[in-house]
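Biologist: I am new to this model and would love a close look at one part of it. Could you take me slowly through its aromatic side chains and their surroundings?

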Amino acid sequence: SNKLVNMENAFISDISEIFQRDLEALINEVNQISEENLWKSHPGIINSVGTISYHLCGNLSYFIGEVLGNDGYIRDKNKEFEPQYFSKEILIQEIRDTQFSVRKALKKITPEQLLNPMPDTPPQHKGRSIQFFLIQLSCHLSRHTGQLNYLRRILENH
């Protein structure tokens, strides 16, 4: 029915808006941390603000940009967790590029596709729908952004 299509279109535009908003929040966090603390961690915390941010870019650029949008992004997941030591400016550009690829890929998704199984998922999400996986990716972004907000505040107050 037409009502269902409109609801699903609303889902795509809503989730797209949430990704843009939360990637903007990630940029805001990176903007607020000093260059010297960007790749530092804290006892008991494995990853730095830079590492978590870079991982989120890889995660979204791959699963949304490449798997759903077919944009040619090649992911090197191991590299995401190695300290990079590039500048804040470069990291923010990575996040902006991610915002763009997410927006572009989500524009291509039809409401009918949302209930299809998500291709190439991690084993624990095998067989889940594209819609489920988009919600999962959004939660993952949000959870890590909250983590790095705490880490940034700990590092900047010391």
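To begin, which residues form one aromatic cluster?

Modeller: Happy to. The cluster is made up of W39, Y54, Y85 and F86. Before we go in, please keep in mind that this is a predicted model, so local features need pLDDT of at least 70 and side-chain atom pairs count only at pLDDT 80 or more, while totals for chains, interfaces and linings use all residues. Residues are numbered from 1 along each chain as its sequence is written, and side-chain values use heavy atoms, leaving out hydrogens and water.

The predictor's confidence in each residue, pLDDT, runs from 0 to 100. For the protein chain its mean is 94, with 94% of the residues at 70 or more. Among the elements, helix α2 has the highest mean (98) and α1 the lowest (88). Helices here are DSSP runs (H or I, at least four residues), numbered from the N terminus.

Now to the rings. Rings of Phe, Tyr and Trp (its six-membered ring) pair if their centres lie within 6.5 Å; planes under 30 degrees apart count as stacked, over 60 as edge-to-face and the rest as tilted. Five aromatic pairs come out of this rule. In one of them, Y54 and F86 have ring centres 5.3 Å apart and planes at 70°, so this pair is edge-to-face. Because Y54 belongs to helix α2 (residues 49–68) and F86 to the loop between α3 (77–80) and α4 (88–108), the pair ties together parts that are 32 residues apart in sequence. Residues are called buried under 20% relative accessible area, exposed over 50% and partly exposed in between, using a 1.4 Å probe and protein chains only. Y54 is buried at 13%, and F86, at 18%, also counts as buried.

A second edge-to-face pair joins F63 and F133, with 5.0 Å between centres and 70° between planes. Here too distant parts of the chain are linked: F63 sits in helix α2 and F133 in helix α5 (residues 130–157), 70 residues apart. Both F63 and F133 are buried.

Back in the cluster, Y85 lies in the loop between α3 and α4. With a relative accessibility of 60%, Y85 counts as exposed. Its backbone deserves a glance as well: phi of Y85 is positive, about 60°, although Y85 is not a glycine. Most residues other than glycine have a negative phi. Another positive phi, near 55°, belongs to N70, which is found in the loop between α2 and α3. N70 is exposed, at 61%.

Some rings have a charge for company. A charge sits over a ring if NZ of Lys or CZ of Arg is within 6 Å of the ring centre and within 35 degrees of the ring normal. R128 lies over the face of F132, 3.9 Å from the ring centre, and R153 over the face of Y150, at 4.8 Å. The backbone nitrogen of F132 is also 3.0 Å from a polar side-chain atom of S129. S129 itself is in the loop between α4 and α5 and, at 18% relative accessibility, counts as buried.

Finally, let us step inside. A nonpolar core is a set of buried Ala, Val, Leu, Ile, Met, Phe, Trp, Tyr and Cys residues joined through side-chain atoms within 4.5 Å. The largest one has 39 residues, of which F19, L60, I64, I95, L106 and L134 touch the most other members. The elements giving two or more residues to this core are α1 (2–32), α2, α4 and α5. With ten residues, α2 gives the most. In soluble globular proteins, nonpolar side chains tend to be buried together.

Contact means heavy atoms within 4.5 Å. Leaving aside residues up to four places away in sequence, L106 touches I12, I15, S16, F19, I64 and L134. Over in helix α5 you will find L141, which is buried at 0%. Counted in that way, L141 touches F19, D22, L23, L26, L56 and L60. To return to our starting point, the C-alpha atoms of L141 and W39 are separated by 19 Å, and the two residues are 102 apart along the chain.

Methods: A polar contact is a pair of N or O atoms within 3.5 Å; within protein, one must be able to donate a hydrogen and the other to accept it, and residues adjacent in sequence count only if both atoms are side-chain atoms.
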